[in-house]
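Reader: Please take one residue and its surroundings and examine them closely. I should then be grateful for an account of how other parts of the structure are arranged, with distances and accessibilities where they are available.

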2 protein chains.
Amino acid sequence: MASPKTRAVSLTEIETLALTVFRAQGCDEGNTTALARTVTAAERDGSVSHGLFRVPGYVASLRSGKVNGSAKPKINHDLASVISVDGDMGYAPLALETGLPVLADAALKNGIAVMRVVNNFHFAALWPETEYLAERGLMGLACTAFKPTVAPAGAKEAFFGTNPLSFAWPRPGQTPLVFDMATSTLAKGDVQIAARDGHDVPEGTGLGPDGQPTNDPAEILKGVLLPFGGYKGSAIAMMVELLCAGMTGDYFSFEAGVHDNNDGGPAKGGELVIAISPQLVAGEGWQKHCAGFFDAISGLDGIRLPGDRRHKNRLDTGPRHINAELINRIKDLC
Amino acid sequence: MASPKTRAVSLTEIETLALTVFRAQGCDEGNTTALARTVTAAERDGSVSHGLFRVPGYVASLRSGKVNGSAKPKINHDLASVISVDGDMGYAPLALETGLPVLADAALKNGIAVMRVVNNFHFAALWPETEYLAERGLMGLACTAFKPTVAPAGAKEAFFGTNPLSFAWPRPGQTPLVFDMATSTLAKGDVQIAARDGHDVPEGTGLGPDGQPTNDPAEILKGVLLPFGGYKGSAIAMMVELLCAGMTGDYFSFEAGVHDNNDGGPAKGGELVIAISPQLVAGEGWQKHCAGFFDAISGLDGIRLPGDRRHKNRLDTGPRHINAELINRIKDLC
């Protein structure tokens, strides 16, 4: 929505702005275009907390020397269903663009495959990777960690990252079913945006620095977020830690908290992506079977399928309304 | 705990009772011993709603002719990392005992493998399968559906099953980290037990037949359960539907609701089990790396790791205190 605080910017202008800033900050062409694609796709889909909002953080990590803007990701594929990508201390988008086609081919051939990404800095949504797989007829599951931000159920101390988990299911001829959610009550980016815009956050989102529940996002940013859904959501957040760190060998959130230089950018970490072919596992007829499921659930009153709002936003080719101050900050970095 | 309503029964007596009742009801020896092992393991671990409590339902499904007590599960293993088990319209325990060793071998060799189980009636916990994998050095993930019992977030109508999800992580030399949770606020068995014992259930557990929230388990059993954690838990419940039905070709919960004969036993459905080897994916050092994680989280105030209470119960070789009326019911079936 337009407001005095926002400016109307076309998707092409958004991409150009992103390309310009990453080039200006010394990224090589491969990393620049991968980053700009990721930022633009987020703005296109209305995934605002992963769009231009992230650019100052990306830049901070280039300037601090933490992230390699000319990273050349390397693939190891010794086992047919295991793909290992070393991100060469760069940002996730190029590492993922390098590994995902290999992962998809492996799953389409072998039925299931897993990709481990390490030495990598992830600062974006996860749906680009799971949607990539779903658009190729595969189920995609991806997760990554962060720095300590979330208190496990029962504790008052930050230990888990916001630990997002994304799942996509293919619907050939249609947009996939996709969710991508922090395993905290809210994503940290959403809490930051609420603090910036002066909005309260819902009950139960987090604890202030005194360990007491609060609706003030600024207090929560000084305290801790809580996992969604109490001890069950906390178990899911722990599973994410084990998959993206235990199963990759890269940092758990608590380790990233120790090693990160806190430059405002992403922390180093691992990502795990699993791809499974319903064609090879369930066999013929899976598509019709699942279409029946989507028809049935869509017929219930009060239902909105995850991913639908984003895919609807995607159809809008008009300008996006971006925080004016953010645009000025990014232009200053170009 | 002992009470006038319970009777102290040793684990051996529990297993003998289970063996006797399944033999008396016409199960063959393979199915009888697999079922009795499952029931006894649940009572041993204090997983009460999956122990003897389930026996009358198992028997009802044998008597109605829905389930084949002499099922001979068949394995197909054409792709190295995809195992398919047809349960021959029998109970899950024998199908799982047949498939799990093949799944574990495949994952230990190939890094990742998936098992699809179909034509199968699951009425037990899922931790026996995920723990089996974790005890062999593998991550295990398993899920299954049920009949419509849970309203997706936003709806007031039952559509999802209670859709349990279990995850186990290997800790060689120690019990694995395991969770096994319904994606509803409570498992249906726990609501049934609360209704039987006259206890209220927590706020938000479900809706009565009028679509309004209630703490009365009997009203919820006539209405619907809710997913844990609002729309995020609802997304996880949907993922479970797609994995255990979309990825197997067996019934979604809404289909099971149409086809089941409502004899009080389990509904036919699919199960998906994924196994991944941290040794082959993360590589050397994974064990020490993860031990550091478990040490760190265990050091936080207020934390109890999932599975710990069950593994503690397991160390108790003494008698279990079983509802006396339940024992009498089962004896009448022998």
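**The surroundings of A:N163**

Author: Leaving out residues up to four places away in sequence, A:N163 is in contact with A:T144, A:A145, A:F146, A:M181, A:A182, A:T183, A:A237, A:V240, A:E241 and A:S253. The model is a predicted one, and what follows should be read accordingly. In chain A, A:N163 sits in the loop between β5 (139-144) and β6. One of its contacts, A:A237, also offers a backbone oxygen, which the side chain of A:N163 reaches at 3.1 Å. The residue counts as buried because its relative accessibility is 0%, and the cut-off for that class is under 20%.

The strand that follows this loop, β6 (residues 165-169) of chain A, holds A:S166. A:S166 is likewise at 0% relative accessibility and therefore counts as buried. Its side chain comes to 2.8 Å from the backbone oxygen of A:F179. Beyond four places in sequence, A:S166 has contacts with A:V178, A:F179 and A:D180, as well as with A:L126, A:W127, A:T130, A:G140, A:L141 and A:A142.

Elsewhere in chain A, three strands make up an open antiparallel sheet in the order β9-β8-β10. The edges are taken by β9 (213-214) and β10 (224-225), each with a single partner strand, so one side of each has no neighbour in the sheet. Strand β8 (residues 206-207) is joined to β9(A) by two bridges, and this pair runs antiparallel. Within this pairing, A:L207 lies opposite A:P213 of β9(A).

Charged side chains form a further theme. Side chains of opposite charge can pair when their charged atoms come close. Over all chains, the structure holds 31 salt bridges. One of them joins the side chains of A:R44 and A:D45, with an N to O distance of 2.9 Å. The two partners differ in class: A:R44 is partly exposed, as its relative accessible area is 24%, whereas A:D45 counts as buried at 1%. Both belong to a network of salt bridges that also links A:E131, A:R310 and A:R314.

In chain B, a salt bridge connects B:R314 with B:E131, their closest N and O atoms being 2.9 Å apart. Because B:R314 lies in helix α12 (residues 308-315) and B:E131 in helix α5 (residues 127-134), the pair ties together parts of chain B that are 183 residues apart in sequence. B:R314 is partly exposed at 22% relative accessibility, while B:E131 is buried at 3%. Another salt bridge brings together the side chains of B:R23 and B:E29 at 2.7 Å, N to O. Here B:R23 is partly exposed at 41% relative accessibility, and B:E29 is partly exposed at 41%.

Helix α1 of chain B, comprising 14 residues (11-24), spans 20 Å from its first C-alpha to its last, close to the 20 Å expected at 1.5 Å a residue. Its buried residues are B:L11, B:I14, B:L17, B:A18, B:L19, B:V21 and B:F22. The cover over them includes β1 (6-9), α2 (29-44), α3 (55-63), β12 (320-323) and α13 (324-332) of chain B. Just past the end of α1(B), B:G26 adopts a positive phi of about 95°.

Another buried position of chain B is B:I193, in helix α6 (residues 188-197); its relative accessible area of 16% is why B:I193 falls in that class. Apart from neighbours within four places in sequence, B:I193 contacts B:V48, B:S49 and B:F53. Between B:I193 and B:A218 the C-alpha separation is 10.0 Å, at 25 residues apart in sequence.

Finally, the two chains meet in an interface. Chain B contributes 71 residues to the contact and chain A contributes 71 residues. The area buried between them is about 5400 Å², of which 82% comes from carbon and sulfur atoms. On the side of chain B, the residues that lose the most area to chain A are B:K232, B:M247 and B:F293, together 13% of what that side buries. Across this interface the rule finds zero salt bridges but 14 residue pairs in polar contact, both residues of each pair being at pLDDT 80 or more. Helix α8 (residues 230-246) of chain B supplies eleven residues, the largest share of the side of chain B that touches chain A.

Notes
Residues numbered from 1 in each chain as written. Chains lettered and ligands numbered in written order. Predicted model: local features only at pLDDT ≥ 70, side-chain atom pairs only at ≥ 80, totals over all residues. Heavy atoms only, no water. Helix = DSSP H or I, 4+ residues; strand = E, 2+ residues; numbered from the N terminus. Expected span 1.5 Å × (residues − 1). Buried < 20%, exposed > 50% of the residue type's maximum accessible area, 1.4 Å probe, protein only. Contact = heavy atoms within 4.5 Å. Pairing = 2+ DSSP bridges. Buried area = accessible area lost by both parts, 1.4 Å probe. Salt bridge = Lys/Arg side-chain N within 4 Å of Asp/Glu carboxyl O. Polar contact = N/O pair within 3.5 Å; in protein donor to acceptor, adjacent residues only side chain to side chain.
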